[in-house]
Amino acid sequence: MEMLNLSLPAANRFATDYLTGSPELQRFFHYNFTDENSYIHRLDELKNRSFMRQELADHIQTFMSRYAESDRIAENIGKLRKENSVAVIGGQQAGILTGPLYTIHKVISIIKLAEQKEQELGVPVVPVFWIAGEDHDYQEVNHVYVMKDNRQEKWVYPEKNLEKKMISEVCINRDLCYSWVEEIIETYGETKHTKEVLSFALESLKKAESLVDFFATIIMELFKDSGLLIVDSGNKDLRKLEKEYFINQIKNHREITSAVLGQQEKTKAAGFSNMIDINENTANLFFYDEHVNERILLQFDPQNGGFAGKNREVSFTYDELMEIANEFPEKLSNNVVTRPLMQEWLFPTLAFIGGPGEIAYWAELKLVFEHFGVQMPPLVPRLNITLLERSIESDLNELKLDLKEVLISGTSGHELKFIDSLKDREVEELFGKVKGMLSDQYHLIREKSNGIDPVLLPMLQKNESILLNQIKFMEDKIVEAICQKNDHILRKFSRVENALRPGGAPQERVWNPFYYLNKYGLELVPELLKLQFRFDGTHKIIKL
């Protein structure tokens, strides 16, 4: 494998400026991720705080026991128990078949940064992946994209889920999913790895009760030898550990909301749109109503000092919600504001790995962290990776396309130029003359007809339009015939576009890892982990 580093714009302007180390943006954060001293200062800060290390390690050990086991996992659980250990953490929703490639990229980022910082700082650094199982956005996790008949298609897992269940609570129909997974892998084509990869996917499904189980089983099988630890934010036992933190959030709910609104004024004044949807009565907590299997966002009711759902689906007094937090913390879950706080209270976080959107919304949380007397960890942008297959690289070279330009803009502009270069200018000129003559003659006919019977004008206009469309039809047919003669070249443009910029989006946001596992084998992930990644904000091109 060979790796190239390219400077590319990020998915949003905030993240692009952040990657370039804009001094203007540093005031929205406590640490500069590019400054090595930031991690030393962060260690000093964490030394003055206490964490439930033993309880957390016990929970992770129990939770992970149903998934893959390895010496490295056991070693890292032991590390987490040590008073001087810290964690590199990042998270993602539990996408089916892991979701898009960027999920794998985020896991690799967590593992590699943890390895690097352990070497540099001389303290135990544990990689932790936070599965967002408390999330209820089923539409975000229930599909993959495949290529079918040279077109990108979205294949949705066929089992419907109309309730706002947490993903941790969404059970999986194994028989239905078996056939669905088989059909997906079939679209990738038969290779020497297909049998092993299909067996791997189906074995992972056999052990799964829920979507989170399916996700966690695959991730841990792929990364078990790296010592990755995982938690599920929707796990009831984990939320029992979070009890005191939920109570703290309820006590400070107005201050949390006020802090976000105050910070949003600062980011907005700097010219950035607000990322977090919040109003002065947002409570930043969800209540899970098991009677309707729905997760309900709570609002503060200033009139009676209580809490209720937006549509009054549920309502609680302040004391009732405090009692729920104390007795039944599994009924509560965090929103986009309080999840980072909960993560910060649970783990001694040396660094947080985030995507472009996460970095932008964390900028709105600085005052929230300061209210609780803690600082945000260094926010390290996850590795942005594009996998470049040898055949695609050959197509790029043959078409004389610039890789960086394709990654930013795709190939459509170059394809149109190529088609334009194929056109017969003489034929094009003849068609132009015919259309011009037709328009001129019909103009004269309309003038004559208007004096005979004005009622004929609409018919004449329609007749002219039909003739012009017929000429255009023949003109297009000639261009089509020329294109067919050069179809082998046009297919190369499509191959490059679909591989590197599918549907105008980055590869990592569309294609599923199983396409690449099917083509290159399950050893692809360990091979990627052998590469020496630098967290310098550049885009990584990995030649396969």
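**Exercise 1. Find out what covers the buried residues of helix α4 (residues 53-64), and which side of α4 they sit on.**

*Solution.* Start with the neighbours: the cover over the buried residues of α4 includes α5 (71-81), α10 (211-223), β6 (229-232), α11 (236-241) and α15 (338-346). Contact here means heavy atoms within 4.5 Å, and helices (H or I, at least four residues) and strands (E, at least two) are DSSP runs, numbered from the N terminus. Keep in mind that this is a predicted model, where local features need pLDDT of at least 70, side-chain atom pairs count only at pLDDT 80 or more, and totals for chains, interfaces and linings use all residues. Residues are numbered from 1 along each chain as its sequence is written, and side-chain values use heavy atoms, with hydrogens and water left out.

Next, pick out the buried residues of α4: Arg53, Leu56, Ala57, His59, Ile60, Phe63 and Met64. Buried means under 20% relative accessible area, exposed over 50%, and partly exposed in between (1.4 Å probe, protein chains only). They span an arc of only 160° around the axis, so they lie on the same side of α4; the arc is that of the directions from the helix axis to the C-beta atoms.

Last, check the length: α4 has 12 residues and runs 16 Å from its first C-alpha to its last, close to the 16 Å expected at 1.5 Å a residue. That expected span is 1.5 Å times one less than the number of residues.

**Exercise 2. Work out which strands pair with β12 (residues 349-354), and how many of its residues are buried.**

*Solution.* Take burial to begin with: 6 of the 6 residues of β12 are buried. Then go through the partners, remembering that two strands pair if DSSP finds at least two bridges between them. Strand β2 (residues 86-92) pairs with β12 in the parallel sense over 3 bridges, and there Ile89 stands opposite Phe352. Strand β13 (residues 379-381) also pairs with β12 in the parallel sense, over 3 bridges; here Gly354 faces Pro381.

**Exercise 3. Explain why Cys171 and Cys177 don't form a disulfide.**

*Solution.* A disulfide is a covalent bond between the sulfur atoms of two cysteines. The cut-off used is a pair of cysteine sulfur atoms within 2.5 Å, and the structure holds 0 of them. For Cys171, the closest cysteine sulfur is that of Cys177, 13 Å off and therefore too far for a bond. As for their surroundings, Cys171 is exposed at 56% relative accessible area, whereas Cys177 is buried at 0%.

**Exercise 4. Lay out the sheet that contains β1, β15 and β14, then see what Met1 touches.**

*Solution.* The order is β1-β15-β14, an open sheet of 3 strands with mixed pairing. β1 (2-6) and β14 (385-388) are the edge strands with a single partner each, so one side of each has no neighbour in the sheet. Strands β14 and β15 (residues 539-543) run parallel and are joined by 4 bridges, with Leu387 partnered by Ile542.

Now for Met1, in the segment before β1. Met1 is partly exposed at 45% relative accessibility. Although 541 residues separate Met1 and Ile542 in sequence, their C-alpha atoms are 6.6 Å apart. Not counting residues up to four places away in sequence, Met1 touches Leu524, Glu527, Leu528, Leu531, Ile542, Lys543 and Leu544.
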